[in-house]
Amino acid sequence: MENITLLLGIVIVTALVFDFTNGFHDTANAMATTISTGALKPKTAVAMSAVLNLVGAFLSVEVAKTISGGIINEGGLKTEVIFAALVGAILWNLLTWLLGLPSSSSHALFGGLIGAAVMSMGWSSVNGGTVVTKVLLPAVAAPLVAGVAASLATRLTYRISSRTDEKATSKGYRAGQIASAGLVSLAHGTNDAQKTMGIITLALITGGVLNPGANPPLWVIVSAGVAIALGTYLGGWRIIRTMGKGLTELAPQQGFAAQTSAATAILASSHIGFSLSTTQVCSGAVMGAGLGRKGGVVRWSTATRMFVAWGLTLPAAGLVGAGAELLTKQGDWGVAVTAALLIGGSAVIWSLSRRQPVDHTNVTADEIGATAAARDGEPAGVVTTAIAAVTPPPAGALATVSVGAPEAPMSGNTASVADPARPATV
């Protein structure tokens, strides 16, 4: 009994560590566009996001119930299986953070949980119907819906503001961005913080502390909310850089449209218990907003890397979770080795990140967006070039940036922007 109690405590702590990594991994979802357009200073933005994530954690438990009583059959599930699942999720979160890729913390958790459960009890332990309807289908539909909504909202905002003063309009949309970013942060708390609540509740059920089907206790809700808020305040600056500068260049109108569309999708999914990826929703909204402005472009090389990371998340975290479960099922020494590997792997990833640190002081540096394509050694893609060549600039655009020929600003490979202070990035 003492071993079970000790293992349960380890699982709870590890779950809160995952929640912490989820927070700094997903800060970009709410604040990347707000920071990149200058609506808020970086430290102010992450502090605001942290507070609202904490508030959002108390608004609903529908997603938590989906995880604690839906994806995996509780009968026969052992506590060490949950520990192994968390190991897979944490390591994948840290690896994608190191690479600056906005992958899904949610899918990392699901992948680790499915892989560990299959290794322990076989495929019958997974509720395939729930995985398809409440995980896989939302993963495909949500970013598409958010992207289309953001694209339409962007076109509408530019049409509405076409006859108004550009500076006054930009100032108003920056204020709107602050409000919409707060809404995304609140929505993130209602969805992602609950995933950790669900995992801890599932651990308490397997340990015999709670009855099957029980709701998360208050202390679980509070601890999960605090952990994700602390992680959010730390700030995942590498991913903020990718979302705010590397994917597309956004004007305040586009940032407002992207964040509002993403928040709507996330809040709707939380209400009905869909455990979707807030990262995928926000990324889809950013791309939709980028293409919604006339002359707007998206860096498809960065987008492709994101899509690959999304596709790899479930199986990669699942393989790590399965490997960790293979160790933990050997007994106490297997649990100890797994914990050591988790700590060692996390330390290695952190030390690698220190070679080229990214923080609030350089996350919005102009050269990050302006020279990204040059650093990648990749010219503008066919889709980007075509969009920029055939689409007329919006009213009031004053500046163009040549993609392939800096000395020929009137060439076909140009990208127009509404804000002359922020040249477009391709």
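Me: Which handedness does the crossing of α5 and α6 have in this structure?
Reply: In this predicted model, α5 and α6 pack with their axes 7 Å apart, at an angle of about 140°. On the α5 side the contact is made by residues including W92 and N93, and on the α6 side by residues including S105 and A108. The crossing of these two helices, α5 and α6, is right-handed.

Me: How do the residues of the contact of α5 with α6 divide into nonpolar, polar and charged?
Reply: Helix α5 brings V81, A84, A85, L86, A89, W92 and N93 to the contact, while α6 brings S105, A108, L109, G112, L113, A116, A117 and S120. Sorted by the character of their side chains, the residues of this contact are 11 nonpolar, 4 polar and no charged.

Me: How far apart are the end C-alpha atoms of helix α6, and what span should its 17 residues have?
Reply: Helix α6 runs over residues 105-121, and the reasoning starts from a rise of 1.5 Å a residue. Because the expected span is that rise times one less than the number of residues, the 17 residues should span 24 Å. The end C-alpha atoms of α6 agree with this expectation, being separated by 24 Å.

Me: Which residue offers a side-chain oxygen to a backbone nitrogen at the start of α6?
Reply: The backbone nitrogen concerned belongs to H107, and a side-chain oxygen comes to within 2.9 Å of it. At the other end, α6 is followed by G122, whose phi is positive, near 90°. The residue that supplies the side-chain oxygen at the start of the helix is S104.

Me: How many of the 17 residues of α6 are buried?
Reply: A residue counts as buried when its relative accessible area is under 20%. By that criterion α6 is mostly covered, and the number of its buried residues is 14.

Me: Is N93 buried or exposed?
Reply: N93 lies in helix α5, which covers residues 79-99, and among the residues that N93 touches are F18, T21, N22 and H25, together with S105 and A108. Its C-alpha atom is separated by 8.0 Å from that of S104, 11 residues apart along the chain. Since the relative accessible area of N93 is 0%, this residue is buried.

Me: Which backbone oxygens does the side chain of R238 reach?
Reply: R238 is found in helix α10, residues 237-246, and its relative accessible area of 7% places it among the buried residues. Leaving aside neighbours within four places in sequence, R238 is in contact with W97, L98, G100, S353, Q356, P357 and V358. Two of these partners receive its side chain at a backbone oxygen, at 2.5 Å in one case and at 2.8 Å in the other. In that order, they are S353 and Q356.

Me: At what angle do the axes of α2 and α3 cross?
Reply: Helix α2, residues 27-36, and helix α3, residues 42-56, have axes that come within 10 Å of each other, and their crossing is right-handed. T27, A30, M31 and I35 of α2 meet P42, A45, V46, M48 and S49 of α3, a set that divides into 7 nonpolar, 2 polar and no charged residues. The angle of the crossing is roughly 145°.

Me: What relative accessibility does T338 have?
Reply: T338 is found in helix α14, residues 332-353. Not counting residues up to four places away in sequence, T338 touches F83, V87, A324, L327 and T328. T338 counts as buried, with a relative accessibility of 2%.

Me: Where is L250 placed?
Reply: L250 counts as buried at 4% relative accessibility, and it touches T33, T37, G255, V286, A289 and G290, not counting residues up to four places away in sequence. L250 and V297, 47 residues apart in sequence, are 9.6 Å apart in space, C-alpha to C-alpha. The place of L250 is the loop between α10 and α11.

Me: What percentage of the residues of the protein chain count as buried?
Reply: The protein chain has 17 helices and 2 strands. Among its contacts between residues at least 6 apart in sequence, 83% join residues at least 24 apart. Of the 426 residues of the chain, the share that count as buried is 54%.

Terms used. Residues numbered from 1 in each chain as written. Predicted model: local features only at pLDDT ≥ 70, side-chain atom pairs only at ≥ 80, totals over all residues. Heavy atoms only, no water. Helix = DSSP H or I, 4+ residues; strand = E, 2+ residues; numbered from the N terminus. Buried < 20%, exposed > 50% of the residue type's maximum accessible area, 1.4 Å probe, protein only. Polar contact = N/O pair within 3.5 Å; in protein donor to acceptor, adjacent residues only side chain to side chain. Contact = heavy atoms within 4.5 Å. Axes fitted to C-alpha atoms, helices over the stretch in contact; angles between N-to-C directions. Left-handed = near helix turned anticlockwise from the far one by under 90°. Nonpolar A, V, L, I, M, F, W, Y, C, P; charged D, E, K, R; others polar.
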